[in-house]
Amino acid sequence: MPELPEVEITVRGLTPALLDRRIARVEVRRARMRRPFPSGLAERLTGARVTALGRRGKYGTISTDRGDSIVFHLGMSGRWRIDPVEIGRHDHLVLETAESGVLSLNDPRRFGFVDVTATDRLAAYAPFAAMGPEPLGDGFHAADLGERLRGRTGAVKAALLDQRVVAGLGNIYVCEALHMAGVEPATPAGVVPGAKLSLLVDSVRAVLNAAIAAGGSTIRDYARPDGELGYFARQWRVYGREGEACGCGGVVVRRAEGGRSTFLCPACQPPVGKARVRGR
DNA sequence: ATGTCCACCTGCTGGC
DNA sequence: TGCCAGCAGGTGGACA
């Protein structure tokens, strides 16, 4: 579930609960999610003070005054909870700060994971080093995207889901951005026209910013007991709207590709060949 | 190297 | 009401 906006909101929600606070107690209730927790996780954290929180793509980071950074990924169903009413079987890691706030990492499907790396080598952390530019940063622009897509024959949708091309996008926001840009998801990545690449860059930024704004508007809820970070109301134009009317008057359809659903409006997102018969 | 398929795990929903 | 198939926002390993 969590894509970049959800992780961003999670990190923002965790910040007031963790920043500059000392972790008084750590409870590892299940020693692994997708992968085993790093050894000595509880010892590394207990007594440490949190010095920074951050995000890279869909990953969140929590740095401490011991030079360690906890890296977490929420997978499909992960979420952090603040002062949960009760700790259940899906709460795998529980942190308690000296100020008595309780945070729990809850993940029913356990596709998420927790890792530790040295803060001064965070950029070299393998998944980060291989990752493409942050879509909301200066490094994400049409020229660079075109460079990364050049020669790729697979669907542009699959390429945008590839974290090495651009960081943080998942199925929902890729569907939304392709719709906003009017790009047919199955278009071979390498043949998307330059003008469409510019539109795509703008659309990716727009859908992500709108989602973060929507989450940000409810972030105060996270400061309350049992606040669940990572989920917030959102309105999508095509995702999950199979059979519904698109704003253009067309009808949203759903396709299964590679075992995943793609939502699009065929009227807004015609195949490239249909949109421009002979480009040159 | 790139593209495609599948496994990992649990919970929820819709159809019968 | 109950059961079961199908589906879910991600990643990464195996294979062509």
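Is Arg 152 buried, partly exposed or exposed? In this predicted model, Arg 152 counts as partly exposed, because its relative accessibility is 30%. Arg 152 is also a good place to begin a tour, since it takes part in two stories: a salt bridge and the surroundings of the DNA.

The salt bridge joins Arg 152 to Asp 162, with the closest N and O atoms 3.3 Å apart. The two partners come from distant parts of the chain: Arg 152 sits in the loop between H4 and helix H5 (156-161), and Asp 162 in the loop between H5 and helix H6 (171-181), ten residues apart. Unlike its partner, Asp 162 is buried, at a relative accessible area of 13%.

Turning to the DNA, the residues around strand B include Arg 34, His 90, Arg 109 and Arg 152. By class, this surface has two nonpolar, three polar and five charged residues. Of the DNA strand B atoms within 4 Å of the protein, 64% belong to sugar or phosphate and the rest to bases. Individual contacts show both kinds of partner. A polar side-chain atom of His 90 lies 2.7 Å from a phosphate oxygen of the strand. Base oxygens are approached by Arg 34, with a polar side-chain atom at 3.2 Å, and by Arg 109, with one at 3.0 Å.

Further salt bridges appear elsewhere, and the structure holds 18 of them. In one, the side chains of Arg 44 and Asp 68 meet at 3.3 Å, N to O. Arg 44 belongs to helix H2 (residues 41-45) and Asp 68 to strand E4 (residues 68-73), so this pair ties together parts that are 24 residues apart in sequence. Here Arg 44 is partly exposed, at 34%, while Asp 68 is buried, at 14%. Another bridge brings Arg 81 and Asp 91 together at 2.8 Å, N to O. Arg 81 lies in strand E5 (residues 79-82) and Asp 91 in strand E6 (residues 91-97). Both count as buried, with relative accessibilities of 11% for Arg 81 and 1% for Asp 91. Glu 8, Arg 12, Arg 55, Arg 56 and Glu 134 are linked in a network of salt bridges.

On the scale of the whole chain, chain A is divided into domain 1 (4-129) and domain 2 (142-264), whose C-alpha centres lie 27 Å apart. Helix H1 covers residues 4-18. Twelve of its 15 residues are buried, so H1 is largely enclosed by the rest of the structure. By contrast, Asp 138, in the loop between helix H3 (126-129) and helix H4 (142-149), is exposed, with a relative accessible area of 76%.

Definitions and conventions: Residues are numbered from 1 along each chain as its sequence is written. Chains are lettered from A and ligands numbered from 1 in the order in which they are written. This is a predicted model: local features need pLDDT of at least 70, side-chain atom pairs count only at pLDDT 80 or more; totals for chains, interfaces and linings use all residues. Side-chain values use heavy atoms; hydrogens and water are left out. A residue is near a molecule or strand if one of its heavy atoms lies within 4 Å of it. A polar contact is a pair of N or O atoms within 3.5 Å; within protein, one must be able to donate a hydrogen and the other to accept it, and residues adjacent in sequence count only if both atoms are side-chain atoms. Ala, Val, Leu, Ile, Met, Phe, Trp, Tyr, Cys and Pro count as nonpolar, Asp, Glu, Lys and Arg as charged, and the others, Gly among them, as polar. Domain bounds come from an automatic or database domain assignment. Helices (H or I, at least four residues) and strands (E, at least two) are DSSP runs, numbered from the N terminus. The expected span of a helix is 1.5 Å times one less than its number of residues. Buried means under 20% relative accessible area, exposed over 50%, partly exposed in between (1.4 Å probe, protein chains only). A salt bridge is a side-chain nitrogen of Lys or Arg within 4 Å of a carboxyl oxygen of Asp or Glu.
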